[in-house]
Amino acid sequence: MAPAGTSAKTVPLLGIDIGGTKISVCLGNNKGTIRKAKRIPVADIANSYTDGLNAIIKLCKDLLKSENIASSELAAIGISAPGPLDTRRGLLLAPTNLKRWGHAPIVADLQRHFQCPTRMQNDANACALAEFRFGCGRRVQNLVYLTVSTGMGGGIICNGSLVKGDTDTAGEVGHMVLNPDGPPCACGQKGCFEAYCGGLSVARRVQLKIVEEKIHTAILDKAGGAVDNIAFPAILEALREGDHLAREVWEEFIMRLAQGIGIIIMTLNPEMIVLGTIAIHADDLLMIPLQECLQRFAWTAPHRACRIVTSQLGTSIGDYSALAVAMDSDHESILIMA
Ligand SMILES: [Zn+2]
């Protein structure tokens, strides 16, 4: 069989997107059509890998049955999962929301059950593949995807292939250190790109500043008056109303975002950088000052050559990501089948 995605023929694929709060299983194809998707809450299956695997297999079988597709017709299964993971051996390595699963051999188990190629990537790499296959990167060969969400993840497509690196950490741009004396990062370093631009980290710094300096700000009003409720949307809302603290926070956010993106442009010279969540919500509030600020961090030629856009795949990006991983026959796990 030709590898999934290289053939002009439409072939069925299963995609499994393991998210923070839910697992979505979808049945689609290599042309980017999602025929049907089903979801289960992570909390229902977080206690046991065996229960989780059985629940995922059941969802897959239900989808195949409802669309009258035999497992033997499946071209591949793709899994988009939170890190850490070992894609060479096809293992989930106890991600934060599924700690009790331990080192889960999900790739081998699904491959054995459905007897078809099964592939896995971390969620940011999977998003890069989704933009490359089905999103705004369909006509480019060199792109970088940046999640810009609660955290800051990245995925790199270079000459039409996902870059994984030697230990699966290529694209972890969220932990490039922008300032060694900067704010602490969840990874243990200081001054990471994520510590400056991850939504969770920005919100925590704003919370602290409001409490310590007793600042009156519209950000607090937008969060319903409770400092613990402050998240990125409240900062954006206050920014649109011209709030002083929101503007201060935003200026630093844009400067550090430009610094991080500038390093990516100067290192990889990509044709396109696709930005996720926060950039989608902020739109022109972000793009116009970001482009201006980038002049400080990247040479004109590679900066001009790089289109910086927001993701167009919307809330279905997780399903598209998993389907795109199914098509990524460049990266197979080395499985020891029982
Ligand atoms: Zn870090």
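**A five-stranded sheet and the helices that meet it**

In this predicted model, five strands form an open sheet of mixed pairing, arranged in the order 3-2-1-4-8. Strand 3 (34–41) and strand 8 (118–122) occupy the edges, and each has a single partner strand, so one side of each is left without a neighbour in the sheet. On average, and with direction ignored, neighbouring strands of this sheet are turned by 15° against each other.

The pairing can be followed from strand 1 (residues 12–18), which runs antiparallel to strand 2 (residues 22–29) and is joined to strand 2 by seven bridges. The connection between strand 1 and strand 2 is a hairpin of three residues. Within this pair, Ile18 stands opposite Ile23 of strand 2, and Asp17 stands opposite Ser24 of strand 2. Strand 2 is mostly covered, with six of its eight residues buried.

On to the next pair: strand 2 and strand 3 also run antiparallel, joined by seven bridges. Here Leu27 stands opposite Lys36 in strand 3. Four residues lie between strand 2 and strand 3 in their hairpin, and in the turn Gly32 has a positive phi of about 90°.

Helix 12 lies across strands of this region, namely strand 1, strand 2, strand 3, strand 4 (76–81) and strand 8. Its direction makes an angle of about 130° with strand 4.

Helix 12 (residues 317–326) also packs against helix 3 (residues 123–133), at an angle of about 85° and with the axes 7 Å apart. Helix 3 is therefore roughly perpendicular to helix 12, since angles of 65 to 115 degrees fall in that class. From helix 3 the contact draws on Asp123, Ala126, Cys127, Leu129, Ala130 and Arg133, and from helix 12 on Ile317, Tyr320, Ser321, Ala322, Ala324 and Val325. By character, the residues of this contact comprise nine nonpolar, one polar and two charged.

How many residues of helix 3 are buried? Eleven of the eleven are, so helix 3 is largely enclosed by the rest of the structure. Among the buried residues of helix 3 are Asp123, Glu131 and Arg133, as well as Leu129 and Phe132.

At the level of domains, the protein is divided into domain 1 (12–122 + 322–326) and domain 2 (136–312). The C-alpha centres of domain 1 and domain 2 are 29 Å apart.

Technical notes:
Residues numbered from 1 in each chain as written. Predicted model: local features only at pLDDT ≥ 70, side-chain atom pairs only at ≥ 80, totals over all residues. Axes fitted to C-alpha atoms, helices over the stretch in contact; angles between N-to-C directions. Helix = DSSP H or I, 4+ residues; strand = E, 2+ residues; numbered from the N terminus. Parallel < 35°, antiparallel > 145°, perpendicular 65-115°, else oblique. Contact = placed C-beta atoms within 7 Å. Nonpolar A, V, L, I, M, F, W, Y, C, P; charged D, E, K, R; others polar. Pairing = 2+ DSSP bridges. Buried ≥ 20, exposed ≤ 12 C-beta atoms within 10 Å, placed from the backbone. Domains from an automatic or database assignment.
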